[in-house]
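Me: I would like to learn how to read a structure feature by feature. Can we go through one together?

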Amino acid sequence: MLFTSDATHLTNFSGDGKVWPLYMSIENIKSSVRNRPTFHAWVPVALLPSNPKRIQKVPGWLEKNQEQEAIQVHHDLLRFLLRPLSSAA
């Protein structure tokens with residue numbers, strides 16, 4: 001299984017909102033086929049509410065603790081989303 005995510009611009013009217021869609025594909029499709037949009041080899045799985053690589057700094061919290069908590073939230077979310085795959089394996 002392959003997964004990818006990238007920022008998607010939502011709107012200019014409500015603070016330039018962005019989400020990060022999580023897409024899934026299978027690895028045994030040739031990359032020349034998988035990467036052509038007309039073949040629809042990537043399936044949207046979920047919309048992540050925030051960038052997994054960056055966090056908004058909150059005053060009064062240690063930056064290291066904020067980063068660890070943000071990483072943990074994304075790990076928990078992905079674990080929840082991918083749980084059905086682990087039982088199928």
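Reply: We take the overall layout, then a helix, a charge pair and the surface. Keep in mind that this model is predicted.

Me: How many helices and strands does the chain have, and how are they ordered?

Reply: Start with the element list. The chain has two helices and four strands. From the N terminus on, they run β-β-β-α-β-α.

Me: What share of the residues is buried?

Reply: Buried means under 20% relative accessible area. Here 16% of the 89 residues in the chain are buried. Three buried residues of helix 2 are Gln 66, Ala 70 and His 74.

Me: What does spacing along a helix tell me about direction?

Reply: An α-helix has 3.6 residues a turn, so residues three or four places apart point the same way.

Me: How does the span of helix 2 compare with what its residue count predicts?

Reply: Multiply the rise by the steps. Helix 2 covers residues 63-88, 26 residues in total, and at 1.5 Å a residue should span 38 Å. Its end C-alpha atoms are 38 Å apart, so the two agree.

Me: Where does helix 2 have a kink?

Reply: Look at Leu 82, where the kink is about 50°. The proline Pro 84 follows shortly after.

Me: Now charges. When can side chains pair?

Reply: Side chains of opposite charge can pair when their charged atoms come close. The cut-off used here is a nitrogen of Lys or Arg within 4 Å of a carboxyl oxygen of Asp or Glu. By this rule there is one salt bridge.

Me: Which residues form the salt bridge?

Reply: Arg 79 and Asp 76, with their closest N and O atoms 3.0 Å apart. Both lie in helix 2, three residues apart, about one turn of the helix.

Me: Are Arg 79 and Asp 76 buried or exposed?

Reply: Check each against the cut-offs: exposed is over 50%, and partly exposed lies between that and buried. Arg 79 has a relative accessible area of 51%, so it is exposed. Asp 76 is at 37%, so it counts as partly exposed.

Me: Which residues make the nonpolar surface patch?

Reply: Met 1, Phe 3, Ile 26, Val 45 and Leu 85 make a patch of about 380 Å². Take Ile 26. It sits in the loop between strand 3 (18-25) and helix 1 (31-34). At 39% relative accessible area, Ile 26 is partly exposed.

Me: And how much area does the whole chain expose?

Reply: About 7,300 Å², with carbon and sulfur atoms supplying 58% of it.

Key
Residues numbered from 1 in each chain as written. Predicted model: local features only at pLDDT ≥ 70, side-chain atom pairs only at ≥ 80, totals over all residues. Heavy atoms only, no water. Expected span 1.5 Å × (residues − 1). Bend = angle between axes of the 7 residues up to and from the residue. Buried < 20%, exposed > 50% of the residue type's maximum accessible area, 1.4 Å probe, protein only. Patch = residues over 30% accessible without salt bridge, like charges linked within 9 Å, V, L, I, M, F, W, Y side chains within 5 Å. Areas by Shrake-Rupley, 256 points an atom, 1.4 Å probe, with all protein chains shown as cover. Salt bridge = Lys/Arg side-chain N within 4 Å of Asp/Glu carboxyl O.
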